[in-house]
Every structure is written in C-alpha cells, then in structure tokens.
Amino acid sequence: GAAHGLVEAVGDPYTTFMPPQEAKEFHQSLDGKLEGIGAELRQEEQYTAIVHPIKGSPAERAGLLKDDIIIEVNGQDIAGWSIDKVVSNIRGPGGTTVTLKVYRKSASKTLSFTITRETIFIPSVEGRIVQTGTGSIGVIALAQFGEDTVKEVKEAIADVRKEPIKGIVIDLRGNGGGYLESAISIASMFQKEGTVVTVEKRGEKADVRSVDGSVIEATIPLVILVNEGSASASEILAGALQDNHRAVIVGMKSFGKGTVQEVHDMPDGSVLKVTVARWITPAGKNLAKEGVHP
C-alpha cells in the first residue's frame, strides 16, 4: 500500500507499481498471452475507455463497443485509477467473471456487463496478401511491440514477398506500443539511413537513435495505418517513417504518448514501471502534445 501511494503521488499515469500477480500479467501481455476479457483500453480523463474489443474475444461477444467508458469494475468506482490498475482488476484467471459498468456515449446511457474471462492469445504480427484491381499489396498488422515482434516482422516481410507486390501496408491500429528497441529495429528495416527517434532524459545529453543497418525494404512503397489506439512505440515507428518521407500515414490521429518507461523487476516479483524520458521524432515533434497526424 505504501509503495502504491508513493508511486501514485508522482502524478504520472504511466509511472506505476505492480504487485507480483499484476507484474506477471504485465510480462505475459508483452509475450502475447493474457487472461482477461480481450479489450484494448485508453485513459479517458478520470476513467478508462474501450479503444476496441479484440475480435472473437469475450469483450466483443458480450457487446462492449469502441468508446464505451468504464466507470465501475466489480462495483468499485474507478475514478482516478491508473490504466494499469484498471487492467489488473479486469484481468483474472480464465473461467472467472468480472462485472463492468460502462457509459455508452453514443446512446447516452449506462450499461452493465458480466463477462467470463478467458486465456487470450494475441499474435504479435500477421502478414497477408490483399488483391486489388491494380495488383497485390502486402499487409503486415502489428498487435504490439513485444519480445518476438522484430523476428515476426522479418518473417512477415518474407511471406508477403513470395509473390510480386506493389507495396506494403503496416497496420498499427489499436497497437498500444511495447519495447522501444523493437520500434527502432522495425523502422530500420525500411530505411537505409536517418534518425529514428531522439530520447531526452532530464539532466542528460539527448540520445539520438539512428537506423541500425538492418534494412530489408528501402524503396518499396509504404503506407502506415494508425488510429486513436496507436500509441507509444507505434507512434515512434510511424513518426520516424513519416518525418523521413519514407511512408504515407493513413487513418486517424494517433493517441499521443511521448514518454519512455523503464521496467524495474523487484526481488519479490513486483515491478516498478517509471517514466524516465520523453521522445522526439526526427523532425522535432513532441508527440505527447499532438500525436501522429495522417
């Protein structure tokens, strides 16, 4: 309790303390496996809103919709809760239930849902070919920037390249981010040179991160799809490829999360996730203030 209070007093929604069970679920989510209802969430002033329910998930089957605002979890008013605290209370062992009270803005009414949790498997990357009237397009959808995402993107590029394609679409819609290094590595696959991101820490010299020389597709036409659920590492990738004139951004303005967190694993299994820096795009944009604009 003391640790929670100390960390919450910082006043930063992305600086959080997670006790052992919550920390375990956090690490599992980056590995693409979690137990819960299957919904991407975002902060909505004092509450938490649904970005989108994952296709085929308990959240989707129960009828939760994009932009539903969660106001209670199991009868507790969640006003002022961090998004990590909301997530930890919604998640739980498969087969158990959680009751959410939401405000649906589109209908101007409050609804209650009791949802049975399941084990949710989220593939980090999905590659496919889409046929159009003028040729084939490779589509690579990223769910998050996790442990294996870089390897999976390389495999997806190889898959979509098995037949002639006119271009590649990278779909980052609903991708809430993940590892900074993964975003830098993936940006490096699509440009031979240039800055990817500048990381600014208080009292330290700015760390300018450039491509790492692992280019795979330096010239193929490239489009990045983003929406209001594209955040953090998604915005680093999209912002870098936009500012370096390597890709066209299509969709909706991204979330706007311009800070970097370090994860500290404690001996008892708990985790401290603390904001240590902000990041700036190659053109000098602080996306915490404005997001990536299509």
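User: Is helix α7 (residues 233–243) enclosed by the rest of the structure or not, and why?
Analyst: Largely enclosed, because 11 of the 11 residues of α7 are buried. Buried means under 20% relative accessible area, with exposed over 50% and partly exposed in between (1.4 Å probe, protein chains only). Helices here are DSSP runs of H or I with at least four residues, strands are E runs of at least two, and both are numbered from the N terminus. This is a predicted model, in which local features need pLDDT of at least 70 and side-chain atom pairs count only at pLDDT 80 or more, while totals for chains, interfaces and linings use all residues. Residues are numbered from 1 along each chain as its sequence is written, and side-chain values use heavy atoms, with hydrogens and water left out.

User: What covers the buried residues of α7?
Analyst: The cover includes α6 (180–188), β13 (195–200), β15 (222–226), β16 (248–251), β18 (271–280) and α8 (287–290). Contact means heavy atoms within 4.5 Å.

User: And what does H245 do just after α7?
Analyst: H245 takes a positive phi of about 55 degrees.

User: Switching to the sheet. What is the strand order in the open sheet of five strands?
Analyst: The order is β10-β11-β12-β15-β16, with mixed pairing. At the edges are β10 (125–132) and β16, each pairing on one side only. Two strands pair if DSSP finds at least two bridges between them.

User: In which sense do β11 and β12 pair?
Analyst: Strand β11 (residues 135–142) and strand β12 (residues 167–171) are parallel, over five bridges. I140 stands opposite I170 in β12.

User: Which strands does α7 touch when it packs on the sheet?
Analyst: α7 touches β15 and β16, and its direction makes about 140 degrees with that of β15. Axes are lines fitted to C-alpha atoms, for helices over the stretch in contact, and angles run from 0 to 180 degrees between N-to-C directions.

User: How many residues does the largest nonpolar core have?
Analyst: That core has 41 residues, and those with the most contacts inside it are L142, L172, I186, F190 and I224. The largest share, six residues, comes from α7. A nonpolar core is a set of buried Ala, Val, Leu, Ile, Met, Phe, Trp, Tyr and Cys residues joined through side-chain atoms within 4.5 Å.

User: What is F190 in contact with, leaving aside neighbours within four places in sequence?
Analyst: The contacts of F190 include I157, I168, I170, L222 and L241, along with E217 and R246.
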